[in-house]
Amino acid sequence: MQKNNLLLVLGIVFLLSLNYVYSADLMALEANIFNSDGSVVDGNITIEIWDSSSGGNLIYNSTNDFDRNITAGKVDLMIGSGLTPLNLTYGTNYFMELYVDN
């Protein structure tokens, strides 16, 4: 009986710690992307986040994390879910630039 109680307590501690382990910074991005003639785009998207609108520091660069992520003009991704982590500070203003096929 004591072994079962110990396993139960360890299981609860494990489940409660999952929230801490998986609390990485992520930000959802959904978009519809069209050419100037109105046709949908397929291709790559690159995301940069800066700490200033001009002359600032680059905080995040997705590089090729989201290559081939635009399909039929639709983008649905989680910024920070690729190889580059997203480290933002709550309450701070940031500026995001999106590049479609460079």
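This briefing walks through the fold, the sheet, the surface patch and a few loop residues of the structure above.

The model is predicted, so bear in mind that local features need pLDDT of at least 70, side-chain atom pairs count only at pLDDT 80 or more, and totals for chains, interfaces and linings use all residues. Residues are numbered from 1 along each chain as its sequence is written, and side-chain values use heavy atoms, with hydrogens and water left out.

**Overall make-up**

- The protein chain has one helix and five strands, where helices (H or I, at least four residues) and strands (E, at least two) are DSSP runs numbered from the N terminus.
- Reading from the N terminus, the elements go α-β-β-β-β-β.
- Of the 102 residues in the protein chain, 19% are buried; buried means under 20% relative accessible area, exposed over 50%, and partly exposed in between, with a 1.4 Å probe and protein chains only.
- About 7600 Å² of the protein chain is exposed, and carbon and sulfur atoms supply 55% of that; these areas come from the Shrake-Rupley method with a 1.4 Å probe, and for residues only the protein chains shown count as cover.
- Take the contacts in the protein chain between residues at least 6 apart in sequence: 64% of them join residues at least 24 apart. Contact here means heavy atoms within 4.5 Å.

**The three-stranded sheet**

- Three strands make an open sheet in the order 3-2-5, and the pairing is antiparallel; two strands pair if DSSP finds at least two bridges between them.
- Strand 3 (58–61) and strand 5 (95–100) are the edge strands, each with a single partner, so one side of each has no neighbour in the sheet.
- From one strand to the next, the twist averages 20°, with axes taken as lines fitted to C-alpha atoms (for helices over the stretch in contact) and angles running from 0 to 180 degrees between N-to-C directions.
- As general background, strands of a sheet pair through backbone hydrogen bonds, either parallel or antiparallel.

**Strand 2 and its partners**

- Strand 2 (residues 45–50) is largely enclosed by the rest of the structure, because five of its six residues are buried.
- Six bridges link strand 2 to strand 5 in the antiparallel sense. If you want to trace the register, W50 has F95 as its bridge partner in strand 5, and E48 has E97.
- On the strand 3 side, three bridges join strand 2 to strand 3, again running antiparallel, and I49 stands opposite Y60.
- T46 sits in strand 2 and is buried, at 13% relative accessible area.
- Setting aside neighbours within four places in sequence, T46 is in contact with N61, S62, T63, E97, L98 and Y99.

**Helix 1 and the nonpolar patch**

- L6, L7 and L10 form a nonpolar patch on the surface, with about 310 Å² of accessible area together.
- Patches are built from residues with over 30% relative accessible area and no salt bridge; like charges are joined within 9 Å and nonpolar side chains (Val, Leu, Ile, Met, Phe, Trp, Tyr) within 5 Å. A salt bridge is a side-chain nitrogen of Lys or Arg within 4 Å of a carboxyl oxygen of Asp or Glu.
- L7 belongs to helix 1 (residues 2–21) and counts as exposed because its relative accessibility is 52%.

**The loop between strand 2 and strand 3**

- D51 lies in the loop between strand 2 and strand 3 and is partly exposed, at 31% relative accessibility.
- D51 and Y94 are 43 residues apart along the chain, yet their C-alpha atoms are separated by 4.9 Å.
- Not counting neighbours within four places in sequence, D51 is in contact with G56, N57, I59, N93, Y94 and F95.

**The loop between strand 3 and strand 4**

- R68 is found in this loop and counts as exposed, at 58% relative accessibility.
- Check the backbone of R68: its phi is near 60°, a positive value in a residue other than glycine.
- A72 also lies in the loop between strand 3 and strand 4 (74–79), and it has a positive phi of about 55° although it is not a glycine.
- With a relative accessible area of 45%, A72 is partly exposed.
- A72 touches V40, V41 and D42, leaving out residues up to four places away in sequence.
- A72 and G43 are 29 residues apart in sequence and 9.0 Å apart in space, C-alpha to C-alpha.
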